[in-house]
Amino acid sequence: MTESVLDYMTRLGRAAREASRVLARTSTAQKNRALEAAAATLDDAREALAAANAQDLAAGRAGGLDEAMLDRLALTPARIDEMIEGLRQVARLPDPVGEIRDMRYMPSGIQVGKMRVPLGVIGIVYESRPNVTIDAASLCLKSGNATILRGGSEAIHSNQAIARCIRLGLAEAGLPAAAVQVVETTDRAAVGALIGMPEFVDVIVPRGGKGLIERISREAKVPVIKHLDGICHVYIDSAADLDKAIRVADNAKTQRFAPCNTMETLLVHAAIAARALPPLGEIYRAKGVELRGCPRSRELLGPGTLEASEEDWSSEYNAPILSVRVVDSLDEAIAHINRYGSHHTDAIVTESFTDVRRFLAEVDSSSVMVNASTRFADGFEYGLGAEIGISTDKLHARGPVGLEGLTSEKYVVFGDGHVRG
């Protein structure tokens, strides 16, 4: 790491820490005013945003970025519309900061409760998508946190153009510019500095490929909110309603192939497999899904089904590929999920209340679903309004992380001159 990058990141960190103290006392109205002003500024800056994005796209093509990366990088008029609407939606969300709950009198006469407070300074490291700059900035601001955003070098001009709009929104509301800072250097050493400043940064949220997240999880000196893989399962139980099972298993895989909450492995109880797998096989093949199965599932799914390897059971494909396994019991299904899954999202289709209770209690995932597609594992669908990511960790935040997940609680005590005897 060069000294200049370290000095630069230290300045950002110190400024963010100071801004976080201002945000901790900022009213909901003032935060909403900043979000609405940033939305209006984005709307006015469409041409500047398009010009900055064109620079990034041209550099990306010259540098050999593939079409999928270029698509993620593009700021189309529709995506700018989505960023503007996203800011306005977050402004309309309830503010969790300052909420006090569970107030109760203790035998001594004091009142004890818990108050929701911001985490402080959140560092976010992400790749490709410049719209993440708005998503992250809006959620952090509304939850009272200062944030340092380090986007990918391929989106540097787009991110800086968006940052200018955010700064104007902050200024309109009388909030410090350091409340939202976008790292301006593309030097990779900036990431190492950001994740190694516990005196200035309270939490790191990585958003990107598995390699990025693994590196940050391994090297960070700051707590990390993250998930590595989305190896999601649907288990069709022996007591499943067949129509529900087919509908859920179809949607969980084919509604979209790339998201982290898409099903990658289908488990089917042997008692219902002969009725469930043939129609599902037809649906998947019609939608271009490559099937890889165990010996029993291959027999039922018919010609063209490939043999599943041991590696398939622990693979996140993000593609039209599905692993299928026939199991003999609920115990076997749960054991498979807990062994090969990534603790992200897993679903059971069944009409058995007993099996539901066991599945909910024993499957060790951040979202566990009953008779519903795994594709619902999303902050918007959960009523959070938006999400900064999904956490498969067990401490602090688990599952989709929205405004409440970007806060913590502290005890508050009320007395009237009480002293302890």
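Two parts of the structure are said to be in contact when heavy atoms lie within 4.5 Å of each other. With that idea in hand, this predicted model can be explored one element at a time.

A good place to start is helix α2, which covers residues 28-44. At 1.5 Å a residue, its 17 residues should span 24 Å, and the end C-alpha atoms are 25 Å apart, which agrees. Several residues of α2 are hidden from the surroundings: Gln 30, Lys 31, Asn 32, Ala 34, Leu 35, Ala 37, Ala 38, Ala 39, Thr 41 and Leu 42 are buried. What do these buried residues of α2 pack against? Their partners are four helices, namely α3 (46-62), α5 (77-92), α6 (131-142) and α7 (156-172).

Attention now turns to the sheet. Strands of a sheet pair through backbone hydrogen bonds, and the pairing can be parallel or antiparallel. Here, seven strands make an open sheet with parallel pairing, and reading across it gives the order β10-β9-β11-β8-β7-β12-β13. The edges are taken by β10 (306-307) and β13 (367-370); each has a single partner strand, so one side of each is left without a neighbour in the sheet.

Strand β12 (residues 345-349) repays a slower look. On one side, β12 pairs in the parallel sense with β7 (residues 232-236) over four bridges, and Ala 347 of β12 is the bridge partner of Val 234. Four bridges also join β12 to β13, again in a parallel arrangement, with Thr 345 standing opposite Ser 367 of β13. Is β12 covered or open to its surroundings? The strand is mostly covered, since five of its five residues are buried. Both faces share in this: Thr 345, Ala 347 and Val 349 are buried on one side, while Asp 346 and Ile 348 are buried on the other.

Helices also lie against these strands. Helix α13 (residues 330-340) lies across β7, β8 (263-269), β11 (321-327) and β12, and runs at about 140 degrees to β11. Helix α14 (residues 353-362) packs on the sheet too, where it touches β7, β12 and β13; its direction makes about 170 degrees with that of β13.

The loops hold a small backbone surprise. Most residues other than glycine have a negative phi. Asn 371, however, has a positive phi of about 55 degrees although it is not a glycine. Asn 371 is placed in the loop between β13 and β14 (389-391), and its relative accessible area of 28% makes it partly exposed. A positive phi, near 65 degrees, is also found in His 396. His 396 lies in the loop between β14 and β15 (399-401) and is partly exposed, with a relative accessible area of 49%.

Finally, there is empty space to consider. Rolling a probe the size of a water molecule over the atoms shows where such space is left. The second largest pocket has a volume of about 280 Å³. Its lining is made of 15 residues, and Glu 127, Arg 150, Gly 152, Ser 153 and Arg 188 lie nearest its centre. Strand β3 (121-126) and helix α9 (210-219) each supply at least two residues of this lining.

Technical notes. Residues are numbered from 1 along each chain as its sequence is written. This is a predicted model: local features need pLDDT of at least 70, side-chain atom pairs count only at pLDDT 80 or more; totals for chains, interfaces and linings use all residues. Side-chain values use heavy atoms; hydrogens and water are left out. Two strands pair if DSSP finds at least two bridges between them. Axes are lines fitted to C-alpha atoms, for helices over the stretch in contact, and angles run from 0 to 180 degrees between N-to-C directions. The expected span of a helix is 1.5 Å times one less than its number of residues. Buried means under 20% relative accessible area, exposed over 50%, partly exposed in between (1.4 Å probe, protein chains only). On a 1 Å grid over the protein atoms alone, a cavity is a set of points where a 1.4 Å probe fits but cannot get out, and a pocket is an open set with protein on both sides within 12 Å along at least five of seven lines; lining residues have an atom within 4 Å of a point. Grid points are joined across faces, edges and corners, and a volume is the space filled by probe spheres set on the points.
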